[in-house]
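Biologist: I'm a first-year student, and I'd love a close look at one part of this protein. Could you take your time and walk me through it?

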Amino acid sequence: MSALEVMEDLAAQLRQEGYTVSTPVPEEAGFDWATLSPEEAAARKKVFLSDYFEVIRNGDVVLIANTKKHGIPGYIGANTLMEAACGYALHRPVLFLHPIGDQPCRIEASAVSSGTLNGNLNKLADLLPAQSRS
């Protein structure tokens, strides 16, 4: 969720191009997980994940804004990998904004990837099914 601002900027650009876009809820980005017990944190996380998986189910494509984090260009965290896998399992194209970084989940992320935009949103239309625009 550290890339939420980037995601919102990308979403605004895509909306201007005529796409209908959903992004993760900002409430999760600022949430203080340390205040909860492990059980409470898992229950809260389950709600966030379930809600966003439903967004993925109702969408046409999953665009992953894999920005640089922890010194890794194209970083993919646990939530992001779960969202990509959900999209893949639901037979949605899973596109990465940047090439997948060198990290432990690189093979898994590559396995569910339908392609990469190499940082260029203009490539999106070439990789998406025609019905993805509103």
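Which residues in H3 meet which residues in H4?

Modeller: Happy to help! One thing before we start: this is a predicted model, so please read everything below as computed from that prediction.

Let's begin with the two helices themselves. Helix H3 covers residues 38-58, and helix H4 covers residues 78-89. Their axes come within 10 Å and cross at roughly 40 degrees. The crossing has a hand as well: H3 passes H4 in a right-handed way.

Now for the residues you asked about. On the H3 side, look for Lys45, Leu49, Tyr52, Phe53 and Ile56. They meet Asn79, Met82, Glu83, Cys86 and Gly87 of H4. If you sort the residues of this contact by character, six are nonpolar, two are polar and two are charged.

Let's stay with one of those H4 residues, Cys86. Cys86 counts as buried, because its relative accessibility is 13%, under the 20% cut-off. Seeing a cysteine, you may wonder about disulfides. A disulfide is a covalent bond between the sulfur atoms of two cysteines. A search of the whole structure finds zero of them. For Cys86, the reason is distance: the closest cysteine sulfur belongs to Cys105 and is 16 Å away, so the two are too far apart for a bond. To be counted as a disulfide, the sulfur atoms would have to be within 2.5 Å.

That brings us to Cys105, which sits in the loop between strand E2 (94-96) and helix H5 (106-112). Cys105 is also buried, because its relative accessibility is 13%. Leaving aside neighbours within four places in sequence, Cys105 is in contact with Ile76 and Leu81. You can also compare Cys105 with Ala78: they are 27 residues apart in sequence, while their C-alpha atoms are 8.8 Å apart in space.

Next, let's see where Cys105 fits in the wider picture. In soluble globular proteins, nonpolar side chains tend to be buried together. Here, the largest nonpolar core has 15 residues, and the members that touch the most others are Leu14, Tyr19, Leu121 and Leu124. Helix H1 (residues 4-16) gives the largest share of this core, five residues. Not counting residues up to four places away in sequence, Leu14 touches Tyr19, Val21, Leu63, Leu121 and Leu124. Apart from this core lies another, of 14 residues, and Cys105 is among its members, along with Ala84, Phe96 and Val112.

To finish, here are some places to visit away from the cores. His70 lies in the loop between strand E1 (62-64) and H4, and is exposed, with a relative accessible area of 61%. The phi of His70 is near 55 degrees, a positive value in a residue other than glycine. Asn118 has a positive phi too, of about 50 degrees, although it is not a glycine. You'll find Asn118 in the loop between strand E3 (115-116) and H6, where it counts as partly exposed at 45% relative accessibility. Helix H6 itself (residues 124-127) holds Asp126, which is exposed at 68% relative accessibility. From Asp126 to Ser114 there are 12 residues along the sequence and 12 Å in space, C-alpha to C-alpha.

How values were computed. Residues are numbered from 1 along each chain as its sequence is written. This is a predicted model: local features need pLDDT of at least 70, side-chain atom pairs count only at pLDDT 80 or more; totals for chains, interfaces and linings use all residues. Side-chain values use heavy atoms; hydrogens and water are left out. A nonpolar core is a set of buried Ala, Val, Leu, Ile, Met, Phe, Trp, Tyr and Cys residues joined through side-chain atoms within 4.5 Å. Buried means under 20% relative accessible area, exposed over 50%, partly exposed in between (1.4 Å probe, protein chains only). Helices (H or I, at least four residues) and strands (E, at least two) are DSSP runs, numbered from the N terminus. Contact means heavy atoms within 4.5 Å. Axes are lines fitted to C-alpha atoms, for helices over the stretch in contact, and angles run from 0 to 180 degrees between N-to-C directions. A crossing is left-handed if the near helix is turned anticlockwise from the far one by less than a right angle, and right-handed if clockwise. Ala, Val, Leu, Ile, Met, Phe, Trp, Tyr, Cys and Pro count as nonpolar, Asp, Glu, Lys and Arg as charged, and the others, Gly among them, as polar.
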